[in-house]
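Let's walk through this one together, sheets to begin with and the interface after that. Keep the structure open beside you as you read.

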Amino acid sequence: MKIIACIKQVPDSEAKVRADNGQVTWGEAPLVINPFDEYAVEGALQQKEANDGSTVTALCIGPESAKDALKHALAMGADEAILVSDPALNELDTVGAARVLASAIQKIGGVYMVVFGRQTLDNGAGITPAQTARVLGWGMLGLAGQIKVQDGSVHVERVIEEGRQNVSAKLPVVVSVVQSIGEPRYPSFMGIRKASKANIPTWTLSDLGIDAPATIIKRAELANPPERKTAVEIITGDTPEAIAETLVEKILAEKVL
Amino acid sequence: MKTLVYIDHFKGEVQPASWEALGLGKSLGSVSAVVFGVNVDAIAKAAFEHGADEVFVANDPSLEDYRAEPYASTLSALASSSTPDLILFPTTARTRELAAMSAVDLSTGVLTDITGLEKNGDSLIATRPIYEGKVMEKSICSGKPVMATIRPRAFPKPEPDSSKSGTATKVEVKSDALTTVEGYAQSESAVNLGDAGVIVSGGRGVSNNPSLVPPAGMDEKEAEIWRAHQGFTLIGELANVLNGAVGASRAAVDGGYIPYSHQVGQTGKVVTPDLYIACGISGAIQHLVGMRNAKVIVAINKDADAPIFTQARYGVVGDLFKIVPALTTEFKKKLGK
């Protein structure tokens, strides 16, 4: 079974991200694999282990530097990695990303399962998995906390606001995973060595045989959120009851209840 | 401007942000609502009461459980025939998928989790947080209809007017499901943090009550989880008095103290309650990004240097096992419960 893990490279979550002259900047902070996508790689590797003869391919759209994120996936245990990179993709929106990913998945061929993280840390929309499924015409199993393949169907436990829902679909499917899938494994020493030597092919739009998708959603403006000026007021008292009394009065005075 | 609002519900329980979306649509011009499911007459009635000029209903057994494909196909067909300028959704796990797929069908785009929407001539400019809220983006969707999911509690909720009513219009249903719903395990993990006005959260500190003696025969890990459950029971009692929800930090979820659906933060849920009470949470950046837009933040922690205090309006340096029950008692008294 051929499994694809779709990943993205984003600024580290500790980065001081800011809007600066109409651009997003993050200073010297490193670019890393999107933390949600580590769960995608973990979920894909679990399925490889559970289904004999399976392979995992990590797939990413991004600049040449995004190969570092793909190397992370290889070091975790992915068998191969592919980068889709083209200057014409600089203004890519989510629908566009779904179309490009779907083309790459079709070019890879013979794919049974595509695994995404729940969302990316940068855009945060979380809609590319469903859009990729729609473009491919495959079933979409979103927000999976557990995945099981049986008799040509994929069964997942979906984690939604109201609880857990058991959902299934016939292969091939697109799955997005949440944290309950399990803690992403650390890259092994052998994995890191393999990844450092790996030859990662780069596909352009012409390799995929498609034009750049039209950009439907355009960024008009960027701003920094207003600084939160908090000076904490520490509530003290001789007993927990005295502290509670003062604190409850303060909270009630805020009129938020 | 013609707006269509998707009323999201789970087994008849409407996501309150659906009404907020209806109010937003109304402020821009005429607004229709659409409801999917079985026996949804009461929801259609509520949609009229919340300001819908017209309500579309797709009442069909095949739509009893939410499934992305038939819902998206039915919505896309309705949008093609009723030609709204804008389709609004409350942001939920379901609508992110549904809007995403419908946007592919309609060759348009979706702006997710928006916190603002302004008219600028003929176009709409949506505000949405990106990079975990570190930056605010204003975006324009050049496709038609414009599609957007709104962040719960970001827009005012219209007051229902029970004198308003109307006759719902039937919608043709598309049944092209690729997925099967096998069942629910609606468990103790069911929690809707997005809509909660008050959230009381626990962190690693909930397991640190040395005065609790776990039952004999537990190993160290079991004893830790047992202690944590005692801590979360106190937190749950406080949340109850405040009609709030129970949240948790990643450390508490990773520790096995509470299910993932309670997690607030970067890999959990981003929340915007009016009141957030953080108990035994140190305040890792991943947690802070998930809760820092709460109106009033209260932190209770033993460690006076914990980063959570940099975000809090009020702080208590102390033992949550003593402070939280005292707060519950005091709130009960003051709120007359």
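Two strands count as paired if DSSP finds at least two bridges between them, and helices (H or I, at least four residues) and strands (E, at least two) are DSSP runs numbered from the N terminus. This is a predicted model, where local features need pLDDT of at least 70 and side-chain atom pairs count only at pLDDT 80 or more, while totals for chains, interfaces and linings use all residues. Residues are numbered from 1 along each chain as its sequence is written, chains are lettered from A and ligands numbered from 1 in the order in which they are written, and side-chain values use heavy atoms, with hydrogens and water left out.

Start with chain B, where seven strands make an open sheet in the order 7-11-6-1-4-5-12, with parallel pairing. Strand 7 (110–114) and strand 12 (169–170) of chain B are at the edges with a single partner strand each, so one side of each has no neighbour in the sheet. Further in, strand 4 (residues 30–37) and strand 5 (residues 54–59) of chain B run parallel and are joined by six bridges; B:V34, for instance, has B:F56 as its bridge partner. Helix 3 (residues 68–82) of chain B lies across strand 1 (2–6), strand 4, strand 5 and strand 6 (86–90) of that chain (contact means heavy atoms within 4.5 Å), at about 150° to strand 4. That angle is taken between N-to-C directions, from 0 to 180 degrees, using axes that are lines fitted to C-alpha atoms, for helices over the stretch in contact.

Now for a sheet that takes in both chains: an open one of 10 strands, ordered 13(A)-7(A)-6(A)-1(A)-8(A)-12(A)-9(A)-10(A)-11(A)-13(B), with mixed pairing. Its edges are strand 13 (202–203) of chain A and strand 13 (179–185) of chain B, each with a single partner strand, so each has one side without a neighbour in the sheet. At the chain A edge, two bridges join strand 13 to strand 7 (residues 80–84), running parallel, and A:L83 is partnered with A:T202.

What about the interface? Here 84 residues of chain A are in contact with 90 residues of chain B. Nine salt bridges cross the interface (a side-chain nitrogen of Lys or Arg within 4 Å of a carboxyl oxygen of Asp or Glu). One of them links B:R313 with A:E233, with the closest N and O atoms 3.9 Å apart. Helix 7 (residues 240–253) gives the most to chain A's side, with 11 residues.
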